[in-house]
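I am opening a notebook page on this model and will write down each item as I look it up, beginning with a turn and working outward to the whole chain.

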Amino acid sequence: YPEIARKAGITGNVSVEVLVDKQGKVEAIGQIIGNEVFHEAARQAAMKWEFTPAIQNDRPVKVWVMLPFKFTLN
């Protein structure tokens, strides 16, 4: 959680578009939608995600997906 957002009491939702490679790892980040204060934290978190590779015609393929992130304070 970005410290500046925590201190200001800011919460919000962010969507990160990621390119998942043939091995199921995030290869690239595309568009990030939502409050800019959360963009870097969401980008860093998205890069750590791993997926089951997408399959097309019985072969793994690259695919773009949107990942949702919800930033809330306790």
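I looked first at the hairpin of strand 1 and strand 2, which has five residues between the strands, and found that Gly-24 there takes a positive phi near 90°. I take helices (H or I, at least four residues) and strands (E, at least two) as DSSP runs, numbered from the N terminus. I note that this is a predicted model, in which local features need pLDDT of at least 70 and side-chain atom pairs count only at pLDDT 80 or more, while totals for chains, interfaces and linings use all residues. Residues are numbered from 1 along each chain as its sequence is written, and side-chain values use heavy atoms, with hydrogens and water left out.

I then followed the two arms of the hairpin: strand 1 (residues 12-20) and strand 2 (residues 26-34) run antiparallel and are joined by six bridges. Among the bridge partners in strand 2, I recorded Ile-29 for Val-18 and Ile-33 for Ser-15.

Next I asked which strands form the open sheet, and in what order. Three strands form it in the order 2-1-5, with antiparallel pairing; two strands pair if DSSP finds at least two bridges between them. Strand 2 and strand 5 (63-71) are the edge strands, each pairing on one side only. From one strand to the next the twist averages 25°; axes are lines fitted to C-alpha atoms, for helices over the stretch in contact, and angles run from 0 to 180 degrees between N-to-C directions. Helix 2 (residues 39-48) packs on this sheet and touches strand 1, strand 2 and strand 5, its direction making about 150° with that of strand 2; contact means heavy atoms within 4.5 Å.

I turned to the loop between strand 3 (54-56) and strand 4 (59-61), where Asn-57 has its place and where Asp-58 is also found. Most residues other than glycine have a negative phi. Asn-57, however, has a positive phi near 55°, and Asp-58 has one near 65°. Asn-57 counts as exposed at 70% relative accessibility, and Asp-58 counts as exposed at 76%, where exposed means over 50% relative accessible area, buried under 20% and partly exposed in between (1.4 Å probe, protein chains only).

Last, I looked at the whole chain. The protein has two helices and five strands, and its elements run α-β-β-α-β-β-β from the N terminus on. Its radius of gyration is 14 Å, well over the 11 Å that the globule rule gives for 74 residues, so the protein is more spread out than a compact globule; the radius is taken over C-alpha atoms, and the rule is 2.2 Å times the number of residues to the power 0.38.
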